[in-house]
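Student: I would like a close look at the interior of this protein. Please start from a single residue in the packing and work outward to whatever surrounds it.

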Amino acid sequence: MTDHELQLKAVGLRRAMLRLIVNAGAGHTGGGLSCMDILNVLYNRVLNVSPETFSSLTRDRYVQSKGHSVEALYSVLSDRGFFPAADLETVCHYQSYYVGHPTRHIPGIEMNTGALGHGLPICIGMALAGKMDAAPYRVFTLLGDGELAEGSNWEAGLAAAHYKLDNLVAILDHNTLQITGHTRDVMSTEPVDAKWHAFGWTVRVVDGHDDTALTKALTDPSEAGKPTFVIANTTKGKGVSFMENVAKWHHGVPNEAELKQALADLDAAEAKLKEAA
């Protein structure tokens with residue numbers, strides 16, 4: 001899939017996610033929009049996994065540690081054919097397995113997440129098991145920058161370097177905003193790059209909305225004996241003018257007028273991409 005095709009797909013995925021959230025009556029809108037390009041590149045260019053191979057022992061593993069942005073993950077998994085698009089209409093509805101955080105009831109989801117700080121430790125176990133079995137798979141996880149306030153991430157960071165888990169890639173959705181404001185004000189973890197480098201990781205810093213840069217960061221060979229930490233600099237609410245860099249859209253459901261404006265923004269972005277082709 002070309003960069004242009006990925007960019008067009010990302011517009012469609014953002015559109016589907018917004019409609020999903022409105023229909024569900026709940027959702028983490030801003031963070032879902034910020035991480036959508038990361039998920040789009042992962043599932044359409046990087047991960048060795050598909051609906052047909054999800055039970056294979058050699059599949060790549062992906063765990064969404066920032067589980068509250070599950071609406072973005074649902075949209076991508078549906079697009080990749082893990083389950084029918086009609087399932088998205090049941091999100092957060094009575095007796096649906098499609099709830100507000102990832103669960104293993106859903107095809108394509110490796111692990112229940114939502115309690116922050118758990119995804120990376122889980123991935124340490126998956127990556128260590130892969131090393132012990134001499135398995136070819138890689139393990140990926142997506143973290144939120146507000147999530148880095150959880151100490152379990154730093155303990156996991158030490159363990160990953162100690163066990164030389166060069167089959168592990170952690171991606172940070174670095175949009176610099178969390179539910180109560182800027183991460184630098186709530187609980188600063190900056191400089192993130194220097195800290196993870198000091199913990200023994202290879203650190204790569206990229207534009208989290210640049211498909212080429214993301215692809216390179218996620219597919220370039222790992223440094224031998226070192227896990228990889230990708231800092232993807234993103235924009236909270238990416239693609240929707242009135243949501244971008246606005247903390248209140250960490251969680252929120254657009255009303256009718258807001259949805260109309262959001263879809264108009266995405267339609268304009270799509271038209272611009274088609275004109276540039």
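Tutor: Take Leu42 in this predicted model. Setting aside residues within four places of it in sequence, Leu42 is in contact with Leu47, Tyr62, Phe140, Ile171 and Leu218. Leu42 belongs to the largest nonpolar core, which has 51 residues. Leu42 is among those with the most contacts inside this core, together with Leu39, Tyr43, Tyr62, Tyr74, Ile171 and Leu218. Two or more residues each are supplied to this core by helices H1, H2 (29-46), H3 (70-79), H8 and H9, and by strands S2 (139-144), S3 (168-174) and S7 (228-233). The biggest contribution is that of H2, with 9 residues. A second core of 23 residues is separate from this one, and Ala127, Tyr137, Leu148 and Trp196 are among its members.

One of the contributing elements deserves its own paragraph. Helix H3 is largely enclosed by the rest of the structure, because 9 of its 10 residues are buried. The buried residues are Val70, Glu71, Ala72, Leu73, Tyr74, Ser75, Val76, Leu77 and Ser78. The list therefore includes Glu71, Ser75 and Ser78, which fall under the 20% relative accessible area that defines buried. Of these nine, Tyr74 was already named for its contacts inside the largest core. The cover over the buried residues of H3 includes H1, H2 and strand S1 (61-64). Just after H3, Gly81 has a positive phi of about 90°.

Next, the cysteines. How many disulfides does the structure hold? It holds 0. Why is Cys35 not in one? The closest cysteine sulfur, in Cys123, is 15 Å from the sulfur of Cys35, which is too far for a bond; a disulfide needs the two sulfur atoms within 2.5 Å. Cys35 is also buried, at 0% relative accessibility. Cys92 is in no disulfide either, since the nearest cysteine sulfur, that of Cys35, is 16 Å away. Cys92 counts as partly exposed, at 35% relative accessibility.

Helices H1, H8 and H9 turn up again at the pockets. The largest pocket has a volume of about 320 Å³. It is lined by 16 residues, and the closest to its centre are Val11, Arg14, Asp37, Lys238 and Leu273. Helices H1 (3-24), H8 (211-219) and H9 (256-276) are the elements that each give two or more residues to the lining. H1 supplies the largest share, 5 residues. By type, the lining divides into 7 charged, 5 nonpolar and 4 polar residues.

The second largest pocket holds about 200 Å³ of space. Its lining has 15 residues, with His68, Leu116, Gly146, Gln178 and His250 nearest the centre. This lining divides into 7 polar, 5 charged and 3 nonpolar residues.

Some backbone details in the loops remain. Glu190 and Pro191 are joined by a cis peptide bond, with omega about -5°. Pro191 sits in the loop between helix H6 (183-187) and helix H7 (192-198).

Ala134 has a positive phi, near 55°, although it is not a glycine. Ala134 is in the loop between helix H4 (119-132) and S2. Is Ala134 buried or exposed? Ala134 has a relative accessible area of 70%, so it is exposed; the cut-off for exposed is over 50%. Lys164 is another residue other than glycine with a positive phi, near 55°. Lys164 lies in the loop between helix H5 (151-162) and S3. Lys164 has a relative accessible area of 53% and therefore counts as exposed.

Lys164 leads to Lys131, a residue of helix H4. Leaving out residues up to four places away in sequence, Lys131 touches Lys164, Leu165, Asp166 and Asn167. Lys131 is partly exposed, because its relative accessible area is 38%. Lys131 and Leu259 are 128 residues apart in sequence, and their C-alpha atoms are 47 Å apart in space.

To return to the starting point, Leu42 has contacts with Tyr62, Ile171 and Leu218, among others, and these three also appear among the residues with the most contacts inside the 51-residue core.

How values were computed: Residues are numbered from 1 along each chain as its sequence is written. This is a predicted model: local features need pLDDT of at least 70, side-chain atom pairs count only at pLDDT 80 or more; totals for chains, interfaces and linings use all residues. Side-chain values use heavy atoms; hydrogens and water are left out. On a 1 Å grid over the protein atoms alone, a cavity is a set of points where a 1.4 Å probe fits but cannot get out, and a pocket is an open set with protein on both sides within 12 Å along at least five of seven lines; lining residues have an atom within 4 Å of a point. Grid points are joined across faces, edges and corners, and a volume is the space filled by probe spheres set on the points. Helices (H or I, at least four residues) and strands (E, at least two) are DSSP runs, numbered from the N terminus. Ala, Val, Leu, Ile, Met, Phe, Trp, Tyr, Cys and Pro count as nonpolar, Asp, Glu, Lys and Arg as charged, and the others, Gly among them, as polar. A nonpolar core is a set of buried Ala, Val, Leu, Ile, Met, Phe, Trp, Tyr and Cys residues joined through side-chain atoms within 4.5 Å. Buried means under 20% relative accessible area, exposed over 50%, partly exposed in between (1.4 Å probe, protein chains only). Contact means heavy atoms within 4.5 Å.
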